[in-house]
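Open the model in your viewer and keep the selection box ready. We will go stop by stop.

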Amino acid sequence: MTRIQLILIRLLLLALVLAAWETLPRQGVINPMLLPPLGDVLKTLVEILGRPQVHEAILVTAAEVIVAFVIAVPLGALIGVALAESDYFGQIFKPLLFYVFSVPKSIFLPMFILILGIGFQQKVAYAAFSTLFVVIMSATAAVESVKPDHVLVARSYGATQLQILTRVYLPSMMPILLETLRISMIFNFTGVMIAEMYASRTGLGSLISNWGENFQLPQLFAGVILLAAVAIAFNESVRFLEHRYSAWRT
Amino acid sequence: MTQPHLTLVRDEPAHGAIEVAQLTHVYGGREGQVPALENISLSVGAGRFVVIVGPSGCGKTSLLMMMAGLRHQSSGTIEVQGAPITAPDPNRVGVVFQEASLFPWLTALDNIAFPLTLRGAPHAERQQRAEAMLNLVGLSGFGARYPHELSGGMKQRVSIARGLVQDPPVLLMDEPFAALDEQTRMTMGHELLRIWSQTAKTVVFVTHSLTEAVYLADEVLVMSARPGRIIDRIAINLPRPRSYEMMGTETFGRLRDRIWQQIRKGG
């Protein structure tokens with residue numbers, strides 16, 4: 001099957017789903033109260049995108065996501081590299097981290113609210129916390145993917161420590177690092193959404209949660225489409241980079 | 001242009017290109033001190049092809065790594081081109097490793113140019129030197145391929161080219177063909193001799209294969225089992241250029257047998 005054929009089939013499937021979304025509720029096959037037709041949802045999407053209240057929510061959520069990302073990724077990468085490079089710390093902390101990693105982070109949410117309230121800080125702290133562990137794990141795996149043979153080759157040609165870092169470690173780790181970036185964004189976004197839906201006065205999560213509780217389904221689905229579009233756009237752009245930097249990994 | 005380990009090289013070494021004197025190495029392991037290499041002295045003349053053979057674990061790879069400045073001996077000295085080796089010096093020594101150890105994210109050409117990149121050589125020079133080496137090892141036209149697109153033999157050719165790109169007088173090779181199939185191995189041995197005769201390098205070559213040792217060497221050094229000592233030095237007086245037909249001759253067989261006897265005694 002050629003690439004174009006594959007893309008055509010995917011587009012066809014998408015069109016089918018969207019067409020079903022539009023027609024089935026209109027025909028009454030699905031209750032339009034539970035699943036409003038696509039056309040109505042899109043109209044609502046355009047309408048809510050004009051509301052100042054929604055603009056503010058988007059800005060708040062975006063700020064939370066970005067700040068949490070900027071905290072969690074470098075911090076997690078630093079801890080992960082330290083664990084991988086130091087046998088001592090690795091042996092002590094790695095099992096403990098695996099335990100915490102396996103626990104659903106959402107059960108700690110009430111504690112974050114008790115300590116930090118329900119504002120911006122709490123959202124950021126919780127999202128960063130729920131992302132941190134996956135970054136640590138991946139960063140450790142990235143360091144461990146560096147082959148000692150490659151380091152030896154570089155040393156034999158007189159590489160300095162800095163050159164070993166930039167010319168061996170970094171390119172070896174690049175595919176896993178980009179993957180980490182992508183996955184941590186998913187965790188991070190999820191963290192912010194959960195925190196906002198659980199208890200919040202602003203943000204997209206809080207809007208979506210309200211629309212759901214008030215049975216405003218066209219608004220709810222419009223919110224879902226908006227969020228999905230943003231998440232997919234980020235994910236795909238990092239995946240594009242990942243593909244470019246890991247062509248050699250076969 | 002920064003040179004991390006710049007060493008003044010004498011025009012004419014007073015003695016051999018490589019001089020190892022009373023080298024001993026002891027590992028500090030869990031079960032105490034393990035002697036690995038014992039009182040090794042050897043001299044390799046400039047332009048000579050010397051092969052080291054010995055049983056697994058005799059320390060021949062360690063010895064080679066010490067000559068490359070990648071490991072430190074407990075005592076004794078190693079001089080290359082008349083100056084001691086204490087750290088890797090790509091101007092004096094090129095190394096070819098067991099598994100070609102190419103960087104999978106670089107093309108064949110960029111792999112070859114890697115040592116030049118490390119010392120910040122200008123792009124044009126890198127390109128030109130790497131292309132020349134690519135031709136030398138018989139891989140013209142394959143420069144843009146990535147390692148995973150090359151066969152095992154081709155990878156080792158790239159690895160040899162990388163070892164030669166800075167034009168060091170000495171080339172150290174650690175079982176470079178061990179992972180190749182028999183036929184490729186024979187071809188690569190032959191190719192290596194061609195490259196060696198074209199470049200006039202001093203080569204120290206470690207191997208398990210006795211046939212390979214006799215076929216390639218001017219001189220074979222036989223090491224004993226741990227602690228590794230040199231128990232025999234055998235001059236291989238077969239004429240050059242060597243040919244596959246020589247392997248069937250009586251002289252070839254006798255030389256191989258002698259090495260085998262020594263290894264059995266020493267093991």
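The tour starts with ground rules, then visits the chain contacts, a hairpin and a low-confidence stretch.

This is a predicted model: local features need pLDDT of at least 70, side-chain atom pairs count only at pLDDT 80 or more, and totals for chains, interfaces and linings use all residues. Residues are numbered from 1 along each chain as its sequence is written, while chains are lettered from A and ligands numbered from 1 in the order in which they are written.

**Stop 1: the whole complex.** Show everything. The predictor gives the complex an ipTM of 0.86 and a pTM of 0.79.

**Stop 2: where the chains touch.** Select chains A and B. Here 14 residues of chain A are in contact with 19 residues of chain B. Contact means that the C-beta atoms, placed from the backbone, lie within 7 Å. Now select 148–156 and 161–198 of chain A. These are α7 and α8, the elements that give two or more residues to the side touching chain B. Helices are DSSP runs (H or I, at least four residues) and strands are too (E, at least two), numbered from the N terminus. The largest share, 6 residues, comes from α7(A).

**Stop 3: a hairpin in chain B.** Select residues 219–223 and 230–235 of chain B. They are strands β9 and β10, which run antiparallel and are joined by 5 bridges. Strands pair if DSSP finds at least two bridges between them. The two form a hairpin, with 6 residues between them. Which residue of β10(B) is the bridge partner of B:L221? Click B:R233.

**Stop 4: confidence.** Color chain B by pLDDT, the predictor's confidence in each residue, from 0 to 100. Its mean is 89, and 94% of the residues of chain B reach 70 or more. Then select residues 8–14 of chain B. There pLDDT stays under 50, and the model has 10 contacts beyond four places in sequence for this stretch.

Methods: Contact = placed C-beta atoms within 7 Å.
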